[in-house]
Each structure stands twice: as C-alpha cells, then as structure tokens.
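Trainee: Could we go through this model together, one question at a time?
Mentor: Gladly; let us put it on the screen.

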Amino acid sequence: MRKTKDSAAGDSLPIYPLVTITVLTKRADFLAANKGLRNARPGFVLLTRPNRGQGKRFGITVTKKVGNAVVRNRMKRRFRELLRDALPEEGMADTDHVLIGRSGGITRDYHRMRGELSHALKAASEGKGDRPRPQRKPRK
RNA sequence: CCAGGGGGCCGGGCAGCCGCGUUCCUUCGACAGGCUCAGGAUGAGCGGGUCGGAGGUGCGAGGAAAGUCCGGGCUCCACGAAACAAGGGUGGCGGGUAACGCCCGCCGGGUGAGGCUUUCGGGCCGAAGCUCAGGGAAAGUGCCACAGAGAGUAUACCGCCGAUGGCCCCUAAAGGGCACAGGCAAGGGUGAAAGGGUGCGGCAAGAGCGCACCGGGGGACUGGUGACAGGACCCGCAUGGCAAACCCCACCCGGAGCAAGACCAAAUAGGGGUCUCGCGCUGAAAAGCAGGAGUGUUUCGCUCCGAGAGACCCGGGUUGGUUGCUAGAGCGCAGGGAGCAAUCCCUCGCCCAGAUGAAUGGCUGCCGCCGCCGAUAGGUCCUUUUCGAAGGAUACCGUGGGUGGACACAGAACCCGGCUUACAGGCCCCCUGGCACC
RNA sequence: GCUGCUGUAGCUCAGUGGUAGAGCGCACCCUUGGUAAGGGUGAGGUCGAGAGUUCAAUUCUCUCCAGCAGCA
C-alpha cells in the first residue's frame, strides 16, 4: 500500500530521469530467468528474459563451486560494476538481466570483459543466443 | 657475527576520477495526522512523523571475521522443596577470571648438550629449552591376541644337578656310572611384557639363601598454604600393564538457541486453551473415598481431569516488513599503584561496521619488498705519483638508473572470553651454544 | 547463521582393540555350436587425513578435511 504511494510520488517528479534499475531478490525470478536467452562468454553467462513491464532489472549468481566467500564477493562486485556501466545505455527495457559467474570472471581483464558484455547484450537484443537449458534434474 | 630455540607485534602506504552502505546536518518534494488564528466553503501560520531526491560531514571487515571445539552475556521454554538416580564433562597443586577444557606460577615424570663413575655390560647426576588427558591399578570386575613350557593363584620345553634315596660296576676301602625318584631356575629359546639389577660368597646344581652397592616398599619426624621434597629407622623384596575398558573418588552442568524472541500487515482452517452451566460413590452440606493424568524418580505434597452444551481467544498452512542490532566483562605503546607472572585497582582520554540476493569496489599513478643488468657521486683495494692527484679493479656497503617479479590466508551476520586450523612478507625482544674483540 | 549425521573394494553396505569381509560388478577357466544362466579360480583397500593412548588402532580420544540432511 505504502509502496504504491511511493511509486506514484516518483512518477510525479519529472525532474529526475527515470532509469531506475532494480535488483532481483527473489529466487523465483532467478529460476524464471533460466528460461530466457543464454549468451556465454569466457568470464560469465548472460541470461536475458522479458519481464512484462517490471522495468530494467538485473541479478547476479555466483555458485559455491567458483571459490570461497572472498572470491565470490569480489566477482559480484566486478559484475555490479560492469552492469552499472553497461545497463543504462545498452540494457533492454522491461527485461531481467542475470549474470552467472564463471571461473574466468575473477582474473580476466576488466575492459576486455566490458567489451564482451556489450557484445553479449547486443546479441541478446537481436534475439540471438542459445536455447534455454533443459530442465535440470533435481539433484541433491 | 653465526647456528638452534622461544615469545610479542604488523600484515601494504599515499594520491586522482567514477561508485556503495550508514550516522548527523541543510534543503526540496510527496503523504497522513496535530496545534494556533480567521472563518460560510475554506485559507494562513507553527511544529514534528514516514518515504524519496540533492548537497555536505563523520565512519565503514579480521588476526584469524574461518572451524563451530569449549566458556559466558542475552532471549524464550520448563521450574514447590529436599534427597537420590541417570546422562555428560573436568582431573597434580596454588593463583587469575564473569566463566572455562583457557591463562600464569610452582611440583612431579619424559627428552636432553654435557658431567661423574665403572668390573667397559652399564649405572648415576643433569643447564637452557621442549613436552605430558599428570586423580585412583594392595575397592572390585574385565582384557593382555599370536608365539611360548609358563601371561598373573606364575611356569619347566631345551637345560643344570642328581648332594640325599634307588639301581649297576669295581671293591679291602676310596671311587665310578645311570638319570629312576627328586631338586633348581643360572643359561638358551618365545614374547610388547617372564615376578628387582650387578658383583662376591655359597651350593650337588642353584636361588635375597647370605653379604656389598644400586633400585624398591613402609615410614616417626622436619620444611612447605599445597602438589611435594628431605628423611632417622624398619622390611630381603610381598601384589606387571591397560582406567582415551567398565568402574571408584572429588568437583561442575535444566533445555534450546537471534532462523531465540517481540510487534505490524496480509492470509484462512476446524486442532488447542479460558470462562459459565453440568459432572463417579457416601453424604443435607462441609468433606471423605476410589480412578486417571502431570511435576525426570522417590518421599512429603500440590495441581488438573471426568459428560456434553454455549461464549470468547489462540494455534495449523502461506508469506512480507519493523524490531532485537550494537557503548561493551569496550578500546588506549596515556599516567600511577599491587603482583615473579597471568591479572587486578585508580585516574585520564577515545567511540571503533551494523549490511540483509547481503555495503569496502572499478580504473590509474607514485612509493615500499625481492632478483638481475650497466659500472655513475661516495666508500674499499691495486698501480703510478710532480704528494695536488691520476688511472684501473670491484658490486661487499651506500647513492642513482634500467629491467623483471612477488604482495599471502582470507569477508562481520546478536555480542564477548578462549582454543584450534590457514597464512606471502616484515619488525622487535629473550635464552642456549660457538667464534672474534675489549 | 545455527544444529545434527555419515566417510570401509568400482557400487551398496557389514564388522570388531589382534589376519578386513558379504552381495553385485570385473578378469580368467569350465560348461555351450555361440550367448545368458550355473560352477570354479583370482585381482582389486594409505578403512577420509594427521596426531595421541596402547605391546598392538579400521575400532578408543583429539584436531582437521570432504559430503549429506534439518531449522524462520
């Protein structure tokens, strides 16, 4: 209830440009993004999926397989920095962008990954990319 | 200076651009209240609240934040008292502490450079340091496989002897033989372990059988708060190991954990609780008796239940938010005091993360650390010397330059005290031994 | 974050202070014209790692390392 009021207030302020990029926090959103387009690059995998008017959103996933907490946190920070730089210009409106960390994402040169992210976003906006993965078997 | 050992501390620094979380301040906007004034709707002013934007300001991961192995705070649950049992834990003594399985000091054992002694097999003493889950094995039970004759009431395979008794030979006597009865436990052998050790005497052979030394047991007494140490005197020696096997002794422990707990919103299903009426037998009633349940058990007690109806409240499944949430057994290479020390007391100063798909990052420059190269001020060495210096060598010291490389282990999640484990590199202190100099 | 549990042959599991086993699987042989089934023989183990207690540890104790499950 309060939230709707807040968003209405934000709409009534045309002074500030509304490029609000929100963060995915729900597990269900991440699972849904799994059904979108996949664009794999050496340091990361980009998932993109339209979200029916939820705005420009992003999320980051780094699994325990990649390393310990220090490595995972550093990778998430670098990804956030990449997305902060790329999404306002190159991101697609009303789309969830999910980056999945791979082992190269910690040592790969930042500028090189920035270029790769641009290419991946361009490919995704043109509808290119791998088919979604088949449903995972419920291991564990 | 070198080698070995122990302890403590730090764990990159500075700067630029762009970003993140949060405290406070200023300002802007939205929302819903409040108060005052005027009033017909309504308007004006004041002050704070929530949310959002902008600007400024302060702060912003660790020594292990890790493992979750101990001990507490805090919160909820349980709780009538005492005794007891069960389960778990700790284990030399004294001190420190909120407490501990932690820390300090001391005691005892082990190791130990080395020293003393020797019958050359060995025995004894023992610095610094390191190390020890270090109560009890004549309270009891149990176990000690295999091997071995024998493994805890010791035993006798090979072996030794056969003095005494027996048999045989030779006999005047002395003597000799057999290994039958029997004696022995020195030597061999088995084993992790064989029921004190060495030597001399002794003996048929042997044996603490006797003696000397060493070891061991008991121990008046002395010292010490105590663990314990010393020890007159007595005992030939009489009882191995395992308690991280059961157990005994002394001491300690209620359970769960911030996903504890509290509140708000949303959501909905027929489980639980409270109150009223009613309620086994005797009795008019009060009460008594019987049954069942609960409080770990017992005792003394206490409480509740019965049979349904009505009313009210909460739970179950489903998710979001707020709070708990950070000023505390706090920190200080500040000063003073007590103590060998751990630590404690007084004064002064300081504020040092509060995130929640989880805040410290991205890019860059300089410096710092290590190696290599050239041989440039200065040092050092050699040669020449007109004693001003010149030339050469060197990379050990220092300065400057170029180039390459390394920068670890690791991320708070309620908070503290420890332990354990991981860790590139660097700094400081102490102890022991050796070498040099005074 | 908190709390439990489990690590033994390729797989699933026993086991106990003294030589480590079973089933399936694997290899070879027999049987068959050939295969399956059946029978026989055999290989394969740092008992998760490291310390400690003990004469002796897979077992007992401690510390690490993996993996799994539960808790709003």
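Trainee: Which residue with a positive phi follows helix 4?
Mentor: First, a word on conventions: this is a predicted model in which local features need pLDDT of at least 70 and side-chain atom pairs count only at pLDDT 80 or more, while totals for chains, interfaces and linings use all residues. Residues are numbered from 1 along each chain as its sequence is written, chains are lettered from A and ligands numbered from 1 in the order in which they are written, and side-chain values use heavy atoms, leaving out hydrogens and water. Helices (H or I, at least four residues) and strands (E, at least two) are DSSP runs numbered from the N terminus. With phi near 85°, the residue that follows helix 4 is Gly127.

Trainee: And at the other end, which residue caps helix 4?
Mentor: Look at the backbone nitrogen of His111, a residue that lies in helix 4. A side-chain oxygen sits 3.2 Å from that nitrogen, a polar contact (N or O atoms within 3.5 Å, one able to donate a hydrogen and the other to accept it; residues adjacent in sequence count only if both atoms are side-chain atoms). The oxygen that caps the N-terminal end belongs to Asp109.

Trainee: Is His111 buried or exposed?
Mentor: Buried means under 20% relative accessible area, exposed over 50%, and partly exposed in between, with a 1.4 Å probe and protein chains only. His111 counts as exposed because its relative accessible area is 64%.

Trainee: What distance does helix 4 reach from its first C-alpha to its last?
Mentor: The expected span is 1.5 Å times one less than the number of residues. Helix 4 has 16 residues, for which 22 Å is expected. The model comes close to that, with a reach of 22 Å.

Trainee: Which helix gives the most to the largest nonpolar core?
Mentor: A nonpolar core is a set of buried Ala, Val, Leu, Ile, Met, Phe, Trp, Tyr and Cys residues joined through side-chain atoms within 4.5 Å. This one has 16 residues, and among those touching the most other members are Phe44, Phe79 and Leu117. Strand 3, strand 4, helix 3 and helix 4 each supply at least two residues. With six residues, the top contributor is helix 3.

Trainee: Which residues does Leu117 touch, not counting those up to four places away in sequence?
Mentor: Leu117 is among the buried residues of helix 4, and what covers those residues includes strand 2, strand 3, helix 3 and strand 5. Taking contact as heavy atoms within 4.5 Å, its partners are Phe44, Leu82, Leu83, Ala86 and Leu99.

Trainee: Which residue forms a salt bridge with Asp85?
Mentor: A salt bridge is a side-chain nitrogen of Lys or Arg within 4 Å of a carboxyl oxygen of Asp or Glu. Here the closest N and O atoms are 2.8 Å apart, and the pair links helix 3 to helix 4 across 29 residues. Asp85 is partly exposed because its relative accessible area is 39%, whereas its partner counts as buried because its relative accessibility is 15%. That partner is Arg114.

Trainee: Which side chain meets Asp96 in a salt bridge?
Mentor: Asp96 lies in strand 5, and its partner, 39 residues apart, lies in strand 4. Both residues are buried. At 2.8 Å, N to O, the partner is Arg57.
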